Amino acid sequence: MKIFEIMESKDYESVILCHDKTSGLKAIIAIHDTTLGPALGGCRMWTYDSEEDAINDALRLARGMTYKNAAAGLNLGGGKTVVIGNPRKDKSEALFRSLGRYIESLKGRYITAEDVGTNLKDMEYIRYETKYVAGLAETSGDPSPFTAYGVFRGIQAACEEVFGTSDLKGLRIAIQGVGNVGYNLAKYLYGAGAKLIVTDIFEDNVKRVVEEVKAEYVKPDEIYGVECDIFAPCALGAIINDETIPQLKCKIVAGSANNQLKEERHGDILQEKGILYVPDYIINAGGVINVADELNPSGYNRDRAMRKVSMIFDTVRKVIQKSKEENIPTYVAADRVAEERIKTIAAVKDNYI
Ligand SMILES: NC(=O)C1=CN([C@@H]2O[C@H](COP(=O)(O)OP(=O)(O)OC[C@H]3O[C@@H](n4cnc5c(N)ncnc54)[C@H](O)[C@@H]3O)[C@@H](O)[C@H]2O)C=CC1
Ligand SMILES: O=C(O)CCC(=O)C(=O)O
C-alpha cells in the first residue's frame, strides 16, 4: 500500500496508527482536512479482512466527514477512527481508554464520536482519558433520531422539487433497513401520511415497524423493485449499482446510508434515468450536526440542534439548484458546495490577525 501516494492524491493531513499490547488495541485515526476546524468524525469498530482494508476505510470515511461537515455549515474538519476488532467480542474498558489516550495526544485536532460498532458506553470510556469526545449519554446522546429527522427534511425538499410540494401525504416510500435511523424515519414519514414498504434482515426490527406504523413488508432482495415514489436506503453502502439501478421504480433516492453509490458513475446513471439522488452525506448529516452542538461554548442545546438539523431541507434545495444551474449530477453538486465553502473560509483565514 503506497500510503503517501494516497495521502497526496486526496490531500490527507495525517494517518495515525495506534497500538496497545495490554488491551489489544489496533486502530487507525485518519485526519483528512482541518481547514474549517478540528476534525470530527465517529469511531468505527469492525472486523476487517486485512489491515489494508481497515486503513482504506478510515481514509475514505475521514474524507467523507470533511465534505459532510463542510456542506452542513459546521466549523469542523473531517476525520475518522477505525478500530480493528469484533464489536461483539473484542471490546473492553482498557481498549477504549487506550484509544482515548491516543486521541488526547492529538490535543484537539481530532474529536471522536459514535459510529457503526461503537456505542455510548464506549464513548464514556474514551471520556475517562480525553475531553475530545462527543455524543455522550448525558449530552447529545444517540444521534440516530436526529439523523432520521434530517433525512425526513431532506425527503421533503426532494419532493418539493419532483412533485411540486413537500407534502408527503399518500406517497409510497420504501425503506431498506429499519434499524436505529430507519425506524425513526419510518415514524416521521408515517406521521406525515406516507405509506411505507419496509425490509430488514432482522425480524424484530421489521415487526416493530409493521405494528407501529402499519408498514408493508417485503423480502430484502425485493425492496429495489417496489413500486414507489421514494427509495430510502437506510442500511448498507454501495446499494446503488449496476444490478439494482435497473430494478428501481422510484422517482427519488434519499436515505441515511453512507456511501450509497457503488461508484460515482452510478450517480450519473440515476440522473440519466430521471431519478433524483439526494447525496448521502448531505441528507444524513443530522447526527453529526447534533453531536457538534456539544462543542458550542454555551453547551449542548437540543432545540438549537434540532433547528440546525431541520435546515438540511435548505441544504438539499441548494444542492439540487446547483445541479440544475451547472447541469451536473447532484453528487457532483454536493461536492462543489462543500469544496467552495472550504476554499472560501481558507481564504478568509489568510488574513493576518
Ligand atoms: N446512526 C446515525 O446517526 C447515522 C447513520 N448513518 C448511516 O445510516 C445507516 C443506518 O444506520 P443505523 O440505523 O445507525 O444502523 P443500524 O445497524 O441500527 O440499522 C441498519 C439496519 O439495516 C439492516 N440491514 C442490514 N443489512 C441489510 C440488508 N441487506 N437488507 C435489509 N436490511 C439490512 C440491519 O438489520 C439494521 O436493522 C448506516 O449506513 C449508517 O452508516 C449515517 C449517518 C449517521
Ligand atoms: O454522528 C456521529 O456520532 C458522528 C458523525 C459521523 O461519524 C457520521 O456522521 O458518520
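1. H2 is a good place to start. This helix gives nine residues to the lining of the second largest pocket, the largest share from any element. The model is predicted.

2. Now the pocket itself. Its space comes to about 780 Å³. It is lined by 26 residues, and Arg60, Arg63, Gly64, Asn259 and Glu264 are the closest to its centre. Helix H2 (51–71), helix H9 (280–283) and helix H13 (330–348) are the elements that each give two or more residues to the lining.

3. What is the make-up of the lining of the second largest pocket, in nonpolar, polar and charged residues? Eleven are nonpolar, ten are charged and five are polar.

4. Next, the domains. The protein is divided into domain 1 (3–58 + 78–129) and domain 2 (144–285 + 314–338). Taken over C-alpha atoms, their centres are 29 Å apart. Each of domain 1 and domain 2 supplies at least three residues to the lining of the second largest pocket.

5. H13 deserves a closer look. Its 19 residues should span 27 Å at 1.5 Å a residue, and the end C-alpha atoms are 27 Å apart, so the two values agree.

6. Which residues of H13 are buried? They are Thr330, Tyr331, Ala333, Ala334, Val337, Ala338, Arg341 and Ile342. An α-helix has 3.6 residues a turn, so residues three or four places apart point the same way.

7. Several elements cover those buried residues of H13, among them strand S2 (25–33), helix H8 (264–272), strand S12 (276–277) and helix H12 (312–325). H2 and H9 also belong to this cover, and both helices help line the second largest pocket.

Notes. Residues are numbered from 1 along each chain as its sequence is written. Chains are lettered from A and ligands numbered from 1 in the order in which they are written. This is a predicted model: local features need pLDDT of at least 70, side-chain atom pairs count only at pLDDT 80 or more; totals for chains, interfaces and linings use all residues. Side-chain values use heavy atoms; hydrogens and water are left out. On a 1 Å grid over the protein atoms alone, a cavity is a set of points where a 1.4 Å probe fits but cannot get out, and a pocket is an open set with protein on both sides within 12 Å along at least five of seven lines; lining residues have an atom within 4 Å of a point. Grid points are joined across faces, edges and corners, and a volume is the space filled by probe spheres set on the points. Helices (H or I, at least four residues) and strands (E, at least two) are DSSP runs, numbered from the N terminus. Ala, Val, Leu, Ile, Met, Phe, Trp, Tyr, Cys and Pro count as nonpolar, Asp, Glu, Lys and Arg as charged, and the others, Gly among them, as polar. Domain bounds come from an automatic or database domain assignment. The expected span of a helix is 1.5 Å times one less than its number of residues. Buried means under 20% relative accessible area, exposed over 50%, partly exposed in between (1.4 Å probe, protein chains only). Contact means heavy atoms within 4.5 Å.
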